[in-house]
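These are my notes on one structure. I wanted to look up how the ligand is held, and then a few details of the chain.

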Amino acid sequence: MSDASTQLIHHPYTPPEGFASAAPGVFKASTVLFPSVAEMHQRDWRDKSGYTYGLHGTPTSFTLEERLASLEGGLYCTLAPSGLSAITLVDMALLSAGDELLVPDNVYGPNRAFAQVELAKWGIELRVYDAMNPSDLAAQLNSKTRLVWLEAAGSVSMEYPDLPALIAVVRQANASRARAIVTALDNTWGAGVAFAAFDLGVDISMQALTKYPSGGADVLMGSVVTRDRALHEAIQMTHSRLGLGVGANDVELVLRGLPTVHLRYARQDATTRALAQWASQQPQFAAVLHPALPDSPGHAAFVRDAQAAACLFSVVFDARYSQAQVEGFCDRLSLFGLGYSWAGPMSLVVPYNMPNMRSRPWPHAGVLVRFAIGLEAAADLQADLAQALAAMDAA
Ligand SMILES: *Cc1c(COP(=O)(O)O)cnc(C)c1O
């Protein structure tokens with residue numbers, strides 16, 4: 001073995017064992033090497049007792065999975081390349097032709113779209129329920145129902161559902177069924193910080209790590225956590241058949257963000273509440289939607305079940321303002337970026353066309369705008385909102 005090119009690939013040096021740093025190591029591989037064929041046959045990646053292939057986990061991805069399971073009070077975690085792929089992974093792991101799934105009318109939009117378009121091709125039917133009305137959920141369960149999605153608070157419109165009551169509806173139905181209906185919570189808003197999802201009784205908690213766990217607005221990733229081993233194994237096997245993987249550099253970013261998640265959550269919560277409170281006193285808004293505000297739908301359930309709130313609130317402009325005026329308001333903001341996502345350092349703003357996003361009638365006439373509050377100072381953000389409102393009124 002004299003050729004340098006060969007030597008560089010089959011190099012004899014191995015670094016000493018025992019490198020101990022506070023930061024987890026970042027290991028990268030497609031191929032994982034085995035010392036013998038016997039070992040190759042024996043190794044099992046599913047219980048994290050060994051490594052077999054990059055897609056099946058590395059010390060880096062196993063570490064993030066274990067930490068996320070702890071954050072959420074679960075036992076098992078599977079990583080997916082985005083929050084949305086974590087949603088579609090749950091759907092594909094659990095649903096077969098002839099099954100039905102339910103999503104709340106205020107669900108994260110792409111969750112509904114995947115079911116409407118993609119799952120429909122496979123003979124799986126979508127039903128939509130009113131998250132604020134447990135008896136509406138009860139009325140829509142039938143022998144074909146297999147999966148119920150939950151979300152707290154609802155995307156964009158911020159209604160806070162009575163999760164224990166919705167879960168109780170499903171449990172009651174399960175008492176007389178051979179095959180249980182599974183509940184899956186999109187826990188991106190709660191992030192494992194605002195409330196303990198498994199203590200409320202959900203079977204699956206999915207998160208867009210893109211939001212709080214990363215916190216940097218620089219990575220896309222999702223997670224699916226369970227306490228139930230059989231449920232986890234079903235998800236894990238579908239995950240491996242689909243070939244979903246996450247890059248080690250991205251896992252590193254989430255591992256780096258995780259230790260500050262509670263700090264960022266608390267700080268962004270405080271700023272968001274202050275701004276939502278201020279907004280509720282401005283005459284330009286017909287409604288301000290944040291579950292900590294007494295008039296916001298689901299306020300009582302929020303106070304009972306949640307210890308904190310995410311960095312989101314929405315405003316409904318008074319109906320006298322046109323779409324163009326509201327869009328002008330958004331354009332005039334200087335500290336709020338115009339863009340999707342949230343829970344990063346920079347505050348963001350997006351106008352939404354609510355009637356187009358709902359199956360049921362949307363109760364407000366004015367245009368809705370959602371704010372995602374970052375890590376800037378509350379006073380600066382408030383001044384920015386005030387100047388854009390004043391400019392809108394002056395135009
Ligand atoms: C952002 C988001 C997702 C999707 O996450 P991506 O990583 O952007 O795919 C899912 N659910 C909720 C509630 C979200 O806010």
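**Entry 1: the ligand shell.** I began with the residues around the ligand in this predicted model. I found 14 residues surrounding the ligand. The closest are G83, L84, D186, T210 and K211. Sorted by class, the shell holds six nonpolar, five polar and three charged residues. I then looked up which helix gives the largest share of the shell. That share comes from helix α4, residues 83–94, with three residues.

**Entry 2: polar contacts.** Next I asked which N or O atoms of the protein face oxygen atoms of the ligand, taking pairs within 3.5 Å as contacts. In the side chain of T210, an N or O atom is 2.6 Å from an oxygen atom of the ligand. For L84 the atom belongs to the backbone: a backbone N or O lies 2.8 Å from a ligand oxygen. W342 uses its side chain, where an N or O atom is 3.1 Å from an oxygen atom of the ligand. I also checked how much of the ligand is covered: on its own it has 380 Å² of accessible area, and the protein covers 89% of that. As for where the ligand sits, I noted the largest pocket.

**Entry 3: aromatic pairs.** How many aromatic pairs are there? I took rings as paired if their centres lie within 6.5 Å, and the count comes to twelve. I looked at Y51 and F62 as one case. Their ring centres are 5.4 Å apart and their planes meet at 25 degrees, so I logged the pair as stacked; the cut-off for that is under 30 degrees. Y51 is in the loop between α2 (37–42) and α3 (59–72), while F62 is in helix α3. The pair therefore ties together parts that are eleven residues apart in sequence.

**Entry 4: backbone details.** Before the last check I wrote down the usual case: most residues other than glycine have a negative phi, and most peptide bonds are trans. Then I looked up two places that depart from it. The peptide bond joining A152 and A153 is cis, with omega at about -10 degrees. A153 has its place in the loop between β4 (145–151) and α7 (163–174). A191 is not glycine, yet its phi is positive, near 60 degrees. I located A191 in the loop between β5 (182–186) and α8 (197–200).

How values were computed:
Residues are numbered from 1 along each chain as its sequence is written. This is a predicted model: local features need pLDDT of at least 70, side-chain atom pairs count only at pLDDT 80 or more; totals for chains, interfaces and linings use all residues. Side-chain values use heavy atoms; hydrogens and water are left out. A residue is near a molecule or strand if one of its heavy atoms lies within 4 Å of it. A polar contact is a pair of N or O atoms within 3.5 Å; within protein, one must be able to donate a hydrogen and the other to accept it, and residues adjacent in sequence count only if both atoms are side-chain atoms. Accessible areas come from the Shrake-Rupley method with a 1.4 Å probe; for residues, only the protein chains shown count as cover. On a 1 Å grid over the protein atoms alone, a cavity is a set of points where a 1.4 Å probe fits but cannot get out, and a pocket is an open set with protein on both sides within 12 Å along at least five of seven lines; lining residues have an atom within 4 Å of a point. A molecule sits in a cavity or pocket if more than half of its atoms lie within 2 Å of its grid points. Helices (H or I, at least four residues) and strands (E, at least two) are DSSP runs, numbered from the N terminus. Ala, Val, Leu, Ile, Met, Phe, Trp, Tyr, Cys and Pro count as nonpolar, Asp, Glu, Lys and Arg as charged, and the others, Gly among them, as polar. Rings of Phe, Tyr and Trp (its six-membered ring) pair if their centres lie within 6.5 Å; planes under 30 degrees apart count as stacked, over 60 as edge-to-face and the rest as tilted.
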